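I opened a fresh page for this one and went through the structure piece by piece. Here are my notes, in the order I made them.

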Amino acid sequence: MSTGFWHDLRRRRVVRVVVGYVAVAYAVLEGADLILPRLGLPDRVLTALVVLSILGFPVVLVLSWVFDLSPDGIRRTRARDEPARGMPAVEDPGDSSARFGPTGSRAVRITALVVVTGLFAAGAWLWIPRAPGFETSAVDPNTLLVLPFDVRGGDEVAYLREGMVDLVSTKLDGVGELSVLDPSASLPRVAQMGAIPVEVAGLARLASELGAGRVLRGSVVWVEGRLQVRATVLGPALHDRIEAVVEGSSTELFGVVDELVATLVARGLIEQGTQLSSVEGLTTRSNEALRLYLTGVQNFRLGLGMQDTWEPLLAAVAIDSTFALASYWAGYAADYDEIEDPLPHYQRAMRHQDRLGPRDRMRLAGALAGAEGRHGDAIGLYEALVARYPDDLAGWLQLGEQVSHTGRWVGRTQADAREAYERAVALDPALAPAYYHLAVVAARAADTTALAEWIPRLESGGVDAITLAITRLALHTLQGDSAAARQAFDRLRIAEGELPPATMAGSMGELTGALAIHAPDAAMALMRNFAPAALTDTGRTVAARRLARAEAGAGRLEEAEAALRRVEASLGSVLAQDLAWLALHPASTSEARMEAAYRALGQRSPPTGSGEAAARNYLLGRLALRLGRPADVQRAREALQDYPDSDPQTTRFAGDLLAELEAEALLIAGDPAAGLARLQEAGYWTRGERWLGFPSPTYLDGRLPDRDPMFLRAELLRASGAEAEAIQWYRVAAEGVWYASPAGQVLAELGAGAPTPP
């Protein structure tokens, strides 16, 4: 029966008709999707065509079965055993199939076909409102994803592809109930996904994956100085569509954007009556400054160099000094790439913060606090930013950076930065700086599971070879796979020249310090191999200092001094400071070592009022305390008090050192509570050193960039009876360089040792 049924389908040309119908319907719908929006017709017209096409299918199916086209016109298709026209039917009286076979079989088949067709039509009808679309997304319908615009017309307007995303986002973010996804996070994710889909369902899936309930796509056409800008907002329901088309001169870009957004709002994007600010008011009055700013920001997202990122931003500020967004981004780029002190750029932006939207004002407040050394304030401000804007990539990254680099001044460990970095890489899987810090945190906790999970992501995410090699090095060292660890180490050596020497050496020192907790022998071997073989003099010098700190952190003071002596000629005044640190180490009991360090410092004569002079007097005072020379301690105190106000940074630095010296003197005198109060009264723990150590990021300027007073804080708290709080500060000190070993020993005594592997 089955063979006969399919024979009937071919004979009645049902398959041919169905294939033809599907092809024609698909072509009609594709054409309608392109043409109807340009005619200004609403989206429901296309929806109606889709429904009619689906419901028409069963009708065509039945008609193709019952009727056939012939030279005589449309007529009912004969049954398989029915004679052709003009031929009489022959019936065998003894054959019961003549009565029940052909006629009964045909009736059963027609009935079955009608039932199947009816079920298909019912299923199609029920499927329509459940078709993949925005309404299936479990995301906030007031969250908008702005896609790169399709730009046609020449290189003069190419920057508007992503530039329009920034402009529209600046205009709409935080207006009414609407929240726009941060372009710094959304644009890299969209680029990684490849071609942007054109059909509504594909756009819905894209928006949902990025956490948006709506999506805006648009185009810019530039012809002889005239712009035509088109934008379409889709969602939150499948059939929701808001469109706007505006035109204007290329010199009137701000007005064009304002009109475009105003049209979208008037057609229902947000509630009527919501106040909209002018894009010009939020950015700049100069088209050229705007072009330079957008170019710099786009190039920064692409990871290009200073010439393509920071310099266009500076040029934009030079054209319009009130351009707050350009000043903020110039500071951010300088901060991120360690080009120069970002503080002046942030201060300029703050003077014109009324030209920033609410999100950018929060970003600027956090950045300024960090640049001014108000680390506790900076962390709190970034936490508030990401709580309000969970999609803010810069917010999560900067929160992680502040906690990782400066949290130690306010009692936060590097492990506290893990969530921020993980949220940042979830928004931008190619964010190399975040992965480096995650590798250090995972190495400290011996979290080989996380390291193994990150490596495939790094391999496929376009992250630089150095970050990938560091992650592999951490994993294989913890696993004890020396051959694989050596391969990763060799890859790092090859790529060493891609980073500033001090940065590479510092990164290796931090990583090996983290690995030394669970794989001490392998970690120290790595640093001992790296330090003498660095490519440049600066690299070898910084690596030797890092190696000395690692050796001292493990209590090996002789090995630490030997590492310093190997680069003695390159250290200059820093050598005397580092030898003093070795003499002051808790593991040091040699009075001769302290006397030698005191004499070496006494032979130095740095300029009065300089940062090096403050560091020298502080170390002389610390050594005098250990040697029991109160008169020398008093001279050091007086020297640190007499600092001019002409250099606020150096004056603050000297004041912080004086607070530490006096607090330790009180601890030795048996009054830890007074010592703790001395630090708290000075407000020391919310200021500290600047994060990047400007203006000398080489770690060779004599300003004690590695001083670690967290151990002193912990000792004061423990001696005062505040053991629980002391444990937190010992944990912070254990992440440092000089006091890793003694802090770890105290934690073990208190039953709060190093983190155990998960």
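**Entry 1: a salt bridge to begin with**

Before anything else, I noted that this is a predicted model. I began with Glu199, which is partly exposed at 36% relative accessibility. Its salt-bridge partner is Arg205, and I read 3.7 Å from N to O for the two side chains. Arg205 is partly exposed as well, because its relative accessibility is 45%, and the partly exposed class runs from 20% to 50%.

**Entry 2: the whole chain**

I stepped back for an overview. The protein has 758 residues, and 50% of them are buried. I found 35 helices and eight strands. For the surface, I noted about 33,300 Å² exposed, with carbon and sulfur atoms supplying 55% of that area. Then I looked at contacts with a separation of 6 or more: 63% of them join residues 24 or more positions apart.

**Entry 3: more salt bridges**

How many salt bridges are there? My count came to 36. I picked out a few to look at one by one.

Asp447 and Arg418 meet in a salt bridge at 2.9 Å, N to O. Asp447 sits in the loop between α18 (432-444) and α19 (448-460), while Arg418 belongs to helix α17 (residues 418-427), so this pair ties together parts that are 29 residues apart in sequence. Is Asp447 buried or exposed? I have Asp447 down as buried, because its relative accessibility is 9% and the cut-off for buried is under 20%.

Next I checked Arg556 and Glu551, whose side chains form a salt bridge at 2.7 Å, N to O. I wrote down how each partner is covered: Glu551 is buried, with a relative accessible area of 3%, whereas Arg556 is partly exposed at 27%.

I also came across a network of salt bridges. It links Asp173, Asp182, Arg359, Asp360, Arg363, Asp391 and Asp392.

**Entry 4: aromatic pairs**

I turned to the rings and found nine aromatic pairs in the structure. One of them is Tyr328 with Tyr332: the ring centres are 6.1 Å apart and the planes are at 15°, so I filed the pair as stacked. Both tyrosines lie in helix α12 (residues 324-337), four residues apart, which is about one turn of the helix. Tyr328 is buried at 3% relative accessibility, and Tyr332 is buried at 5%.

What kind of pair do Phe711 and Tyr730 make? Their planes are at 70° and their centres 5.9 Å apart, so this pair is edge-to-face. It links distant parts of the chain, with Phe711 in helix α33 (residues 710-719) and Tyr730 in helix α34 (residues 723-734), 19 residues apart. Both residues are buried.

Which residues do ring pairs link into a cluster? I listed Phe300, Tyr328, Trp329, Tyr332 and Tyr346.

One more ring caught my eye, that of Tyr598. The charged end of Arg629 sits over this ring, 5.4 Å from its centre.

**Entry 5: a buried threonine**

I looked up Thr309, in the loop between α10 (287-301) and α11 (310-319). Thr309 has 0% relative accessibility, so I marked it as buried, the cut-off being under 20%. What does Thr309 touch, not counting residues up to four places away in sequence? I found Gly296, Asn299, Phe300 and Leu304. Phe300 was already in my notes as a member of the ring cluster.

**Entry 6: nonpolar cores**

I finished with the cores. The largest nonpolar core has 194 residues, and Met164 and Tyr293 have the most contacts inside it. Which helix gives the most to this core? I found helix α29 (residues 611-627), which contributes 10 residues.

I followed Met164 a little further. Leaving aside its neighbours within four places in sequence, Met164 is in contact with Phe149, Val220, Val229, Leu253, Val257 and Leu260.

Apart from the largest core lies another one, of 12 residues. I noted some of its members, among them Leu147, Val190, Val200 and Leu210.

Conventions. Residues are numbered from 1 along each chain as its sequence is written. This is a predicted model: local features need pLDDT of at least 70, side-chain atom pairs count only at pLDDT 80 or more; totals for chains, interfaces and linings use all residues. Side-chain values use heavy atoms; hydrogens and water are left out. A salt bridge is a side-chain nitrogen of Lys or Arg within 4 Å of a carboxyl oxygen of Asp or Glu. Buried means under 20% relative accessible area, exposed over 50%, partly exposed in between (1.4 Å probe, protein chains only). Helices (H or I, at least four residues) and strands (E, at least two) are DSSP runs, numbered from the N terminus. Contact means heavy atoms within 4.5 Å. Rings of Phe, Tyr and Trp (its six-membered ring) pair if their centres lie within 6.5 Å; planes under 30 degrees apart count as stacked, over 60 as edge-to-face and the rest as tilted. A charge sits over a ring if NZ of Lys or CZ of Arg is within 6 Å of the ring centre and within 35 degrees of the ring normal. Accessible areas come from the Shrake-Rupley method with a 1.4 Å probe; for residues, only the protein chains shown count as cover. A nonpolar core is a set of buried Ala, Val, Leu, Ile, Met, Phe, Trp, Tyr and Cys residues joined through side-chain atoms within 4.5 Å.
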